[in-house]
Amino acid sequence: MLEFRYDTQLLIEGENLDEDVISEYFTENLKGDCLLAVGDDELIKIHFHTNEPWRVLEYCASLGEIHDIVIEDMDRQARGLQG
């Protein structure tokens, strides 16, 4: 059984984005692991395992335009099913 079920990935496109500020927000406000927030001040790639992917989408959408959104159910994948 996985502690955090959903592999959530997306891109944030905006202005004055700061990967350190974003990482800090995730760490302090969202439950999950395997956080990756990399990029520059106009484009950030997010990768995060969580049970609440809608919270990730909500926060990231507040920072800019989100796209290339992928949410995969890792529990289903572990059972050999399409995620």
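R5 counts as partly exposed, because its relative accessibility comes to 30%, and partly exposed is the band between the under-20% cut-off for buried and the over-50% cut-off for exposed. Keep in mind that you're looking at a predicted model. R5 is worth following around, since its side chain turns up in a salt bridge with D73 and in another with D75.

**How R5 and D73 pair up**
- The side chains of R5 and D73 meet in a salt bridge, with 2.9 Å from N to O.
- This pair ties together distant parts of the chain: R5 sits in the segment before β1 (6–13), while D73 belongs to strand β4 (residues 65–73), 68 residues apart.
- Is D73 buried or exposed? D73 is buried, because its relative accessible area is 7%, and anything under 20% gets that label.

**How D75 joins in**
- D75 and R5 also form a salt bridge through their side chains, at 3.7 Å from N to O.
- Here too, distant parts of the chain are linked: D75 lies in helix α3 (residues 74–78) and R5 in the segment before β1, 70 residues apart.
- D75 has another partner, R79, and their side chains meet in a salt bridge at 3.4 Å, N to O.

**The bigger picture**
- Which residues end up linked in a network of salt bridges? They're R5, D73, D75 and R79.
- The count for this model comes to four salt bridges.
- As a general idea, side chains of opposite charge can pair when their charged atoms come close.

How values were computed: Residues are numbered from 1 along each chain as its sequence is written. This is a predicted model: local features need pLDDT of at least 70, side-chain atom pairs count only at pLDDT 80 or more; totals for chains, interfaces and linings use all residues. Side-chain values use heavy atoms; hydrogens and water are left out. Helices (H or I, at least four residues) and strands (E, at least two) are DSSP runs, numbered from the N terminus. Buried means under 20% relative accessible area, exposed over 50%, partly exposed in between (1.4 Å probe, protein chains only).
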